[in-house]
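Hello,

Here is the structure I promised to pass on to you, and below it I have written up what came out of it, with the terms explained as they come up.

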Amino acid sequence: MKADVKSLRRLTVSPLSLSKFKIRPQKHRKGDTLDISELKTKHADHWKKAAALRILAADAVHGANSGHQGMPIGMADVATVLFEKHLKFDAANPDWADRDRFVLSAGHGSMLLYGLLHLTGYADMTMDEIRNFRQWGAKTAGHPEYGHAKGIEITTGPLGQGVASAVGMAMAEQSMAARFNKKVMDHYTYVIAGDGCLMEGVSHEAIGLAGQQKLGKLIVMWDNNDITIDGRVNITDVTDQVKRFKAAGWSVFEVDGHDPEAIDAALTSAKKTNTPSMIACKTIIALGVEGVQDTSAGHGYAIKDAQLAQMREFFDWPYPAFDIPEDVQAGWAAIGARGNTEYTAWLDRMADMSEQRQAEFERVMAGIPHKRLTAVVKQLKKQVSEELPKVATRKSSQMALEVINPVMKETIGGSADLAGSNNTNTEGLGTFSPDNRDGRHVEYGVREHAMAAVMNGMYLHGGVRPYGGTFMCFTDYARPSMRLAALMQIPTIFVMTHDSIGLGEDGPTHQPVEHLAISRATPNTWVFRPADTVETAEAWELALSSTKTPSVLSLTRQGLPTVRTKHTNKNQSAMGAYVLADSEGKRQAILMATGSEVEIALAAREKLQALGIGTRVVSMPCWELFEAQDESYRRKILPPGPVRVAIEAATRMGWDKWLSGERGKANKCDFVGMDGFGASAPAEELYANFGITADAVAEKVKNLL
């Protein structure tokens with residue numbers, strides 16, 4: 001799509017200090033060339049602003065002796081036009097809910113973002129932070145990290161994640177606009193992505209989802225420089241990205257990424273479409289740097305002292321390192337303040353809403369759970385303790401959501417083409433779609449990776465609490481985004497069902513055995529494996545009350561009895577582990593279990609008690625929360641002395657912390673679970689054949705005694 005955008009020009013560099021060369025354009029008019037000297041003369045003000053970004057990036061990377069200056073230098077023109085003429089933001093009010101979101105998906109080019117934040121006047125992005133690029137304690141990490149500084153909307157670096165999470169931001173914007181109104185929520189999400197972002201598989205999933213959802217306020221600017229670390233793109237990829245995006249339902253524009261007029265026209269046209277837009281920006285990596293421009297060497301640190309001097313000459317920049325002239329600084333500061341008028345007008349529109357609506361808006365943007373959350377969970381727990389249903393915990397999860405979703409209207413659920421199995425949908429949610437932005441359940445399709453990344457983007461945008469489901473085994477497909485949620489300290493909720501050999505006949509390809517250990521090994525992650533509906537409801541309350549920790553809900557396919565038969569208002573799962581059934585007589589054994597194996601522990605206890613062996617059963621729905629308890633509580637639950645046996649239909653990895661650690665002894669403990677992959681058979685046969693039975697547990701205890 002060309003719209004009013006000029007055709008891509010072939011670019012030649014002026015003979016100031018570089019030999020002439022031609023980049024490889026996708027299309028161009030015959031004889032239509034653009035000399036760099038023309039850019040300097042025709043767009044002098046723009047040239048100086050963009051030069052500030054380029055030199056800052058080069059100086060910071062040179063000072064750190066580490067980093068990536070090629071992309072910031074190549075995309076400086078695009079970023080300058082975006083921030084000066086299109087991006088709605090106010091540097092003095094960086095948390096403005098209705099600001100445009102800017103995502104640097106090509107996170108290795110972080111100095112482009114840091115330079116933009118510093119020059120536009122973000123208070124915490126000082127020149128000292130720029131000087132300390134990639135150093136201990138600096139906000140200017142090698143890749144942008146969410147929470148380090150205002151204006152960093154998301155942690156990026158693993159390529160493609162930014163593109164996918166931006167889809168979530170755009171979806172959250174549409175959801176919030178539908179729930180409140182466009183007077184207070186009406187903005188764009190812009191992304192700068194590179195060739196690597198588009199090669200990663202998650203981008204394919206996300207691009208397809210965005211096209212299907214017709215996210216007209218999502219605009220991706222592709223840094224089409226034809227370079228990756230190993231060489232030119234054509235040594236690894238033949239994809240026609242323009243056709244690819246068009247096929248996925250996007251509007252596509254092709255421009256010279258160094259022509260500010262063409263860039264501006266493309267952005268203007270993209271904002272008028274009702275589909276997501278991709279702008280292919282033909283650029284030169286490390287533009288103006290002798291010896292490395294338009295080569296893979298320009299990607300990472302490669303600029304030496306002599307090249308810095310030459311680069312300054314090329315960009316007419318006679319200033320020392322980290323020195324921005326007053327006129328350029330003032331121009332950028334004006335860009336940073338440009339949005340203040342709109343911010344003030346937005347405050348007025350917010351004030352026009354009722355106090356109740358304002359309070360609700362502020363609550364959901366802050367991620368604070370509804371005050372009735374605890375009450376509805378308590379009510380469900382009481383009902384379950386009285387009725388004692390036997391249901392799969394995936395169904396228990398749906399039962400919890402049925403009482404939670406009407407109260408917490410900010411929840412947006414979804415499933416990777418497994419809604420009927422994951423039980424993520426509840427009555428009245430409706431499907432989120434181009435025709436129904438009020439809908440609160442997303443049909444993600446078979447896109448586990450994109451689903452996880454999209455949910456991260458939704459939460460980062462604010463105003464929604466996303467949760468999404470697939471099979472526990474397919475955390476493998478979602479893991480990069482799950483890890484980033486933990487790293488960013490955002491409470492995304494991953495609903496993972498069919499969590500063991502208990503899923504039965506689908507066999508070992510779908511039976512997770514190592515996935516609990518993998519999830520538990522991830523820092524800042526709560527892994528819940530509830531034993532019944534009561535613990536499942538408690539897990540949901542905790543997950544939705546979290547502000548900095550993502551949750552993995554590991555849920556069964558098979559039905560489980562209610563083991564919490566005595567109602568208590570206290571959320572016992574919040575302690576991580578607790579005594580479910582204590583010993584009668586002298587305590588000689590402690591059985592620890594999670595999820596579907598808690599009922600096996602209880603059955604084993606009955607057998608042992610009948611033999612006069614006093615046995616305590618400890619349910620451990622969340623190791624991480626138990627570990628966070630003080631020593632006195634942990635000692636109360638796991639005192640020294642009794643032998644210990646853990647039961648879990650998964651690998652042993654991690655269990656020795658509770659078996660031989662925490663006052664236990666290596667020669668007085670054992671494990672009943674899996675030491676290899678599962679098999680295809682009915683669940684009951686699998687448990688029997690793999691020896692995960694009450695008899696096996698009782699035998700282990702007797703042998704230890």
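Two strands count as paired if DSSP finds at least two bridges between them, and the strands (E, at least two residues) and helices (H or I, at least four) are themselves DSSP runs, numbered from the N terminus. Please bear in mind that this is a predicted model, in which local features need pLDDT of at least 70 and side-chain atom pairs count only at pLDDT 80 or more, while totals for chains, interfaces and linings use all residues. Residues are numbered from 1 along each chain as its sequence is written, and side-chain values use heavy atoms, with hydrogens and water left out.

Five strands make up an open sheet of mixed pairing, in the order β18-β20-β19-β21-β22. Because β18 (578–581) and β22 (669–672) stand at the edges with a single partner strand each, one side of each has no neighbour in the sheet. Strand β21 (residues 643–647) runs parallel to β22 and is joined to it by four bridges, and Ile 647 stands opposite Val 672 in β22.

Turning to the interior, the largest nonpolar core (buried Ala, Val, Leu, Ile, Met, Phe, Trp, Tyr and Cys residues joined through side-chain atoms within 4.5 Å, where buried means under 20% relative accessible area with a 1.4 Å probe, protein chains only) has 133 residues, and Phe 102 and Ile 279 have the most contacts inside it. Its largest share, twelve residues, comes from helix α2 (residues 44–64). A second, separate core of 49 residues includes Val 618, Leu 638, Ile 692 and Leu 704.

Best wishes

Conventions. Buried means under 20% relative accessible area, exposed over 50%, partly exposed in between (1.4 Å probe, protein chains only).
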